[in-house]
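User: Hi, I have just opened this one and would like to be walked through it. Could we take it a piece at a time?

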Amino acid sequence: MNETILIIDDEDNLRKTLAKILAARGYDILEASDGIEAVELLRASAPDLVFTDWKMPVMGGEEILRYMRKDPRLDSIPVIVITAFGSSHSTIEAVRLGAYDFVTKPFDLDEISLTAERALAHSSLNHEVAHLRAQIGRNGVAATGRLIGSSRAMVDVFKMIGKVAETDSTVLICGESGTGKELVAEAIHAYSRRKDKPFVVVNCAALPEGLLESELFGHERGAFTGAVGRKTGRFEVAEGGTIFLDEIAELSPGLQSKLLRVLQEHTYERVGGTETVYGNFRALAATNRDLEACVREKVFREDLFYRLNVVRIPVPSLRERRSDIVPLAEHFLGIYSERNGLPTVGFSDDAILMLQMYSYPGNVRELENMVERAVLMARGRVVMPGHFPMSIGAGRERDPSHDEVEFLLLPFHKAIAELEKLLIKNALKDSNGNKSEAADRLQINRRLLYKKLTDYHLEE
Ligand SMILES: Nc1ncnc2c1ncn2[C@@H]1O[C@H](COP(=O)(O)OP(=O)(O)OP(=O)(O)O)[C@@H](O)[C@H]1O
Ligand SMILES: [Mg+2]
C-alpha cells in the first residue's frame, strides 16, 4: 500500500506542483486548499505525512498543527511546514507545536522528496518502537524494568527481539558489561510463547565446576559427600520456559561438552543419577567476551559456539548510542526518586551536558548507579554537576574524542557553542559528510545545520 501525503496550500499552482512531484515518487496525494478543507480530510482519514503552508487566509498552519496535536490519532503524523521566507516567529511557533521539518518556496524538487522520505521513515521508526514497547510492556518486562532506547542501534535490538522471541532458537547476546544483556534476555522471554513459564538465570561464572554442574542438572541423594537430599537443577526448574546462561565464556571444558549435549538433544542426567531426563526449555546465553577469540585460543569449544550462535544479538555500548543517555538518565531519575520518596525534579542543563559528555566504560549500569547516587545527594532538588562523581567531569574518564575541549570550564555560551560544534562534527563524520543525514542524526532541520556550519566556519 502506498503512503498517503496530504498537501495543504491555498496557492493552487504551488500545491499542484508539489502534488505532481510527490505523486511521481509513488505516494498517494490528498489536496486541500485551506485549513477547513484539510480538517475535513483529516477527520475522514489519517494520512502518513502532511505538508502545510503556514500563512493561509482561512485557517493557517498554526491552527492545523494545534488541531492535530489534540487528536491522538493525528498527533504522531509528521508535519512539514512550507514557508515563504525565514520568519523566525513562525519557525519557532511551528517547532514548538511539533512540526517535523520545513521547506521553503521556491521548491527544490530533490529536497522535497528527500524531506518527505525522511519524515516517513522517521515516523515508521517511531511506530515500530512504540509497537515493540507496547508488546514488551504488556508481557511483563515492565515488572523488572523497561527497555529504554530510541537510538537506531537500540531499535535494531528491539527488532531482533521481536523476530526471535516467537521462535525457540538459541540466542547469543553479546555486549560489554552493563549494556543490558540480561534485560534483552528477559524481553525475549516475556515476548515469547513461554512467557507464563519460568525464566531462569544461571550465572556460569558464579560457581566452581562441580557445584555448577549440580546447579544446572540437579543431583540425586548421596551423589557426593554432602548431597543429603535430591536437588532439582535449573534446567528442570526452567521446564516449559527459558533458561538464560549468563557469562557463558566462563564455562569449564567439561561443562561445555555437557551443555552441548543438552542443547542438541534436550536430554541430560542428574549428578549421581542414571535416569535420562528430557527437558523442554529454550536457551539464551550471554557474554561480554569475544567468543570467537575464545574459540581461536581453544578455551571455548567451536561446536558449542556454533550451537549457541544460531542467532546473535549484539547489544551496543552506551557510547554507540549517545542519544539514549538522557532518556535513560531521566528514567532512572524517576525510579530512584520514587523509591526514595523524593519528588522527581530533573537535571540542570550543565548536569545534562556532563552526562552527555561522559564515556561510560560501565555502560547503562554505571549511568544507573550514578543517577541513583545523585538523586540521594540532591535530596529532591534539581540534580547538579556536583552531585556526580568528580571523575566524570574531570577529563580523566571522559571520552577521548572530547579531550581537546575543556567544555565545562568555559563560560556557559562558549561551552554550548563548543558542544554544538562537536555534535555537528561527529554527526558529519558518522554520516560520511552527508549533511542531510547529519541533520537527521542531530534531529534538526537542514537549514539550521547549514546556518551553524556557516556560523562556526565548519564548511570545508
Ligand atoms: N535499555 C535499558 N533500559 C533501561 N534500563 C536498562 C537498559 N539497559 C540496561 N538497563 C539497566 O542497567 C543495568 C544493567 O543491565 P544488565 O544487568 O541487563 O546488563 P548486562 O549486560 O547483563 O551486564 P553484565 O555483562 O555486567 O552482566 C540493569 O539495572 C538494567 O535494568
Ligand atoms: Mg548480566
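Analyst: What follows goes through the sheets, the surroundings of the ligand and a pair of helices, and please keep in mind that this is a predicted model.

User: Okay, sheets then. What is the strand order in the open sheet that has strand 1 in it?

Analyst: That open sheet is built from 5 strands in the order 2-1-3-4-5, and the pairing is parallel. Strand 2 (28-32) and strand 5 (101-104) each have a single partner strand, so one side of each is left without a neighbour in the sheet. On average, and with direction ignored, neighbouring strands of this sheet are turned by 20 degrees against each other.

User: How many bridges hold strand 1 and strand 3 together?

Analyst: There are 4 bridges between strand 1 (residues 4-8) and strand 3 (residues 49-53), which pair in the parallel sense. As for individual residues, Ile 7 stands opposite Phe 51 in strand 3.

User: And the sheet with strand 13, which strands are at its edges?

Analyst: This open sheet also has its own order, 7-10-13-6-14, with 5 strands and parallel pairing, and its edge strands are strand 7 (199-203) and strand 14 (311-314), each of which pairs on one side only. Here neighbouring strands are turned by 20 degrees against each other on average, direction ignored.

User: What joins strand 6 to strand 13?

Analyst: Strand 6 (residues 171-174) and strand 13 (residues 282-287) run parallel and are joined by 4 bridges; taking one residue, Val 171 has Leu 284 in strand 13 as its bridge partner.

User: Switching to the ligand. Which residues come nearest to ligand 1?

Analyst: There are 18 residues around ligand 1, and those that come nearest are Ile 148, Gly 180, Lys 181, Glu 182 and Val 364. By character, the shell divides into 9 polar, 5 nonpolar and 4 charged residues.

User: Where does that shell come from, in terms of domains and helices?

Analyst: Domain 2 (141-314) and domain 3 (319-455) each give at least three residues to the shell around ligand 1. Among the helices, helix 7 (181-190), helix 13 (325-339) and helix 15 (363-378) each supply at least two of the shell residues.

User: You mentioned helix 13. How does it cross helix 14?

Analyst: The axes of helix 13 and helix 14 (residues 349-357) come within 9 Å and cross at roughly 120 degrees. The two helices are therefore oblique to each other, and the crossing of helix 13 and helix 14 is right-handed.

Definitions and conventions:
Residues are numbered from 1 along each chain as its sequence is written. Chains are lettered from A and ligands numbered from 1 in the order in which they are written. This is a predicted model: local features need pLDDT of at least 70, side-chain atom pairs count only at pLDDT 80 or more; totals for chains, interfaces and linings use all residues. Two strands pair if DSSP finds at least two bridges between them. Axes are lines fitted to C-alpha atoms, for helices over the stretch in contact, and angles run from 0 to 180 degrees between N-to-C directions. A residue is near a molecule or strand if its C-beta atom, placed from the backbone, lies within 6 Å of it. Ala, Val, Leu, Ile, Met, Phe, Trp, Tyr, Cys and Pro count as nonpolar, Asp, Glu, Lys and Arg as charged, and the others, Gly among them, as polar. Domain bounds come from an automatic or database domain assignment. Angles under 35 degrees count as roughly parallel, over 145 as roughly antiparallel, 65 to 115 as roughly perpendicular and the rest as oblique. A crossing is left-handed if the near helix is turned anticlockwise from the far one by less than a right angle, and right-handed if clockwise.
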